[in-house]
Amino acid sequence: MSLKVKIFIQQIIGFLFLVGLAPAGAFVHHYRFVIKEAPYSKLCSSKNILTVNGQFPGPVLYANRGDTLNVNVQNGGSQNITIHWHGARQLRYPWSDGPAFITQCPIRPGTSFNQKLKLSNEEGTLWWHAHSDWSRATVHGVLIIRPANGTDYPFPKPAAEIPIILGEWWKSDVQEIVNEFVASGGDPNNSDAFLINGQPGDLYPCSRNDTFNLTVEKGKTYLLRMVNAVMNNLMFFSIANHELTVVGTDAAYVKPFKTNYITISPGQTIDVLLEANQNPDHYYMAARAYNSLNGVNFGNTTTTAIIQYRGNYTPSSPVLPSLPNSNDTNASFNFTSKFRSLADQKHPVNVPLNVTTNLLLTFSINTLPCEDESCSGAYGDRFAASVNNISFVLPNIDILEAYYKNIIGVYGDEFPSFPSLNFNFTGDSLPVKLLHPNRKTEVHVLEYKTNVEIVLQGTSLLGGIDHPIHLHGYSFYVVGSGFGNFDKDKDPLKYNLVDPPFQNTIAVVKNGWAAIRFRADNPGVWFMHCHLERHVSWGMEMTFIVKNGMGAGEKLLPPPPDMPKC
């Protein structure tokens with residue numbers, strides 16, 4: 001039997017296995033994504049943007065827990081593209097995960113790729129977005145995962161479910177912004193507006209008539225499914241005169257808690273209940289950027305939408321809600337620290353207690369020498385970023401293909417478990433030599449079913465900033481977090497091992513740390529990176545390879561026959 005025939009048979013078996021994984025009552029959904037440019041007008045000007053099916057934001061996908069989604073992605077645009085299903089575990093099937101040159105080569109213009117998404121324990125709100133260059137600025141949308149058939153929400157069923165996507169808008173072409181940013185070695189230009197559901201809101205010019213409006217009925221409760229699709233900012237969000245009840249994050253439920261504002265990281269989703277309990281009127285919802293690094297230019301504007309009560313009345317002029325100050329680090333950290341898993345019989349917690357693999361990963365802003373003495377980064381150099389002092393270099397073919405086919409020379413497997421240089425990570429004055437990282441393509445290999453603890457440690461190099469860290473292929477328990485340097489003797493004594501939140505994206509506070517735990521039971525190649533897009537462009541990312549287990553159901557499934565070619 002020829003090798004091609006064997007591979008084809010493996011692919012058919014893999015597809016049948018994916019279908020067979022679906023529990024009784026699960027459904028297979030079919031979607032068609034056509035990547036194409038479409039004209040949009042905002043802020044008194046028009047331009048073409050890259051979209052899915054001509055929509056911005058893109059289409060909302062609906063499923064129930066345990067369902068399967070088949071998405072045919074057709075690239076009718078002029079640039080390469082990939083689509084990532086943010087927060088979906090993709091059990092044993094990283095082939096559809098999406099990060100360019102990590103698990104696939106990009107989908108070229110004029111070609112297509114059938115992506116299969118098999119949901120497992122995800123329930124709540126996830127999202128999908130492009131994962132190649134900065135295309136996700138306009139190519140993104142919500143994935144709503146409702147409870148499995150025959151089961152209920154752990155709270156009274158809301159009157160309606162409304163996606164709330166925070167995004168942003170550049171009047172210039174986004175690709176031109178990226179090209180200039182990469183060429184200069186400095187920071188990218190700030191966007192011209194933040195958005196709520198694709199609209200800037202009436203505080204921006206030429207935007208009043210297109211402001212997003214949400215009509216509610218007094219006495220009813222609404223589920224807001226929030227996504228931060230902003231490229232480079234954590235965001236504060238609030239609704240005037242209304243308290244919010246947080247009930248979930250990253251497609252996992254949390255113990256409900258009330259709050260007047262939320263902080264949401266790029267990549268993160270948060271589910272909140274809105275009780276329409278005020279006098280019928282118009283009320284602003286608003287969002288603005290949180291920026292923890294003083295002296296750095298950022299988009300200091302406010303996007304708005306309107307809560308409009310149903311009824312016959314003369315509305316007053318809406319007032320803005322009270323939001324934390326844009327540099328209020330404590331407000332951001334304190335909100336994030338409130339998350340606790342439900343940890344009940346229907347939503348159990350399985351925190352790994354016997355840790356077998358410990359990692360300490362440092363996340364730093366760095367510099368690289370300028371080639372022509374005209375760079376805009378710190379000290380006249382180019383900005384860079386690193387994990388454990390390695391600034392990641394994308395290979396020319398994807399790592400997953402190289403791993404699966406044993407192609408030599410694409411990547412190394414010596415990514416360090418601990419920083420090569422041990423220093424006062426959050427000190428006030430650090431040696432200049434720490435600024436310069438190594439540029440490599442290294443992965444870290446995990447044995448199957450190892451219990452992993454990773455301490456994510458921010459550093460104060462070039463001032464330090466918050467880092468929203470996202471891990472593909474897994475959700476993890478956030479067992480601890482804090483300011484300053486992680487203390488391996490004292491800080492674990494304060495871990496929450498009873499009801500820690502189950503997340504796929506966690507904001508590591510400025511010059512602080514977060515500790516996460518997970519069981520490496522999903523074989524494949526999985527990306528970890530900061531979800532600030534400029535940091536990804538600078539190299540703040542790394543890759544795990546989780547090896548196969550011994551059993552038949554513990555091995556990486558074969559690739560589909562239409563994998564994009566490099």
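Which strand gives the largest share of the lining of the largest cavity? The answer is strand 20, residues 357–368, with 3 residues. The views below come from a predicted model.

**View 1. The whole protein.** The protein has 5 helices and 32 strands. Its radius of gyration is 23 Å, close to the 24 Å from the globule rule for 566 residues, so the protein is as compact as a globular protein of that length. The C-alpha trace spans about 75 × 60 × 55 Å along the principal axes. Of the 566 residues, 61% are buried. Take the contacts between residues at least 6 apart in sequence: 80% of them join residues at least 24 apart. The accessible surface comes to about 22,600 Å². Carbon and sulfur atoms account for 49% of that surface.

**View 2. The largest cavity.** Rolling a probe the size of a water molecule over the atoms shows where empty space is left. In this model there are 4 cavities of 30 Å³ or more. The largest cavity holds about 80 Å³ of space. Its lining includes Thr-362, Ser-364 and Asn-366. Ser-386, Asn-388 and Asn-389 also line the largest cavity. So do Pro-419, Ser-420, Leu-421 and Phe-423. Leu-434 and Leu-461 complete the lining. By class, 5 of these residues are nonpolar and 7 are polar. No charged residue lines the largest cavity.

**View 3. The second largest cavity.** This cavity has a volume of about 50 Å³. Ser-265, Gln-268 and Thr-336 are among its lining residues. The others are Gln-503, Thr-505, Ile-506 and Ala-507. Strand 29, residues 505–508, gives the most to this lining, with 3 residues. The lining divides into 2 nonpolar and 5 polar residues, with no charged ones.

**View 4. The largest pocket.** About 810 Å³ is the volume of the largest pocket. It is lined by 36 residues. Closest to the pocket centre are Asp-133, Leu-394, Val-536, Ser-537 and Glu-541. Two helices, helix 2 (174–184) and helix 5 (533–538), each supply at least two lining residues. Strand 7 (124–130), strand 21 (382–387), strand 22 (390–392) and strand 31 (524–530) each do so as well. Which element supplies the largest share of the lining of the largest pocket? Helix 5 does, with 4 residues. The lining holds 18 nonpolar, 12 polar and 6 charged residues.

**View 5. The second largest pocket.** This pocket contains about 580 Å³ of space. Which residues lie nearest the centre of the second largest pocket? They are Asn-121, Pro-348, Asn-350, Tyr-477 and Phe-502, out of 28 lining residues. Strand 15 (252–259) and strand 30 (512–519) are the elements that give two or more residues to this lining. Strand 30 has the largest share, 3 residues. By class, the lining of the second largest pocket has 12 nonpolar, 7 polar and 9 charged residues.

How values were computed: Residues are numbered from 1 along each chain as its sequence is written. This is a predicted model: local features need pLDDT of at least 70, side-chain atom pairs count only at pLDDT 80 or more; totals for chains, interfaces and linings use all residues. Side-chain values use heavy atoms; hydrogens and water are left out. On a 1 Å grid over the protein atoms alone, a cavity is a set of points where a 1.4 Å probe fits but cannot get out, and a pocket is an open set with protein on both sides within 12 Å along at least five of seven lines; lining residues have an atom within 4 Å of a point. Grid points are joined across faces, edges and corners, and a volume is the space filled by probe spheres set on the points. Ala, Val, Leu, Ile, Met, Phe, Trp, Tyr, Cys and Pro count as nonpolar, Asp, Glu, Lys and Arg as charged, and the others, Gly among them, as polar. The radius of gyration is taken over C-alpha atoms; the globule rule is 2.2 Å times the number of residues to the power 0.38. Buried means under 20% relative accessible area, exposed over 50%, partly exposed in between (1.4 Å probe, protein chains only). Contact means heavy atoms within 4.5 Å. Accessible areas come from the Shrake-Rupley method with a 1.4 Å probe; for residues, only the protein chains shown count as cover.
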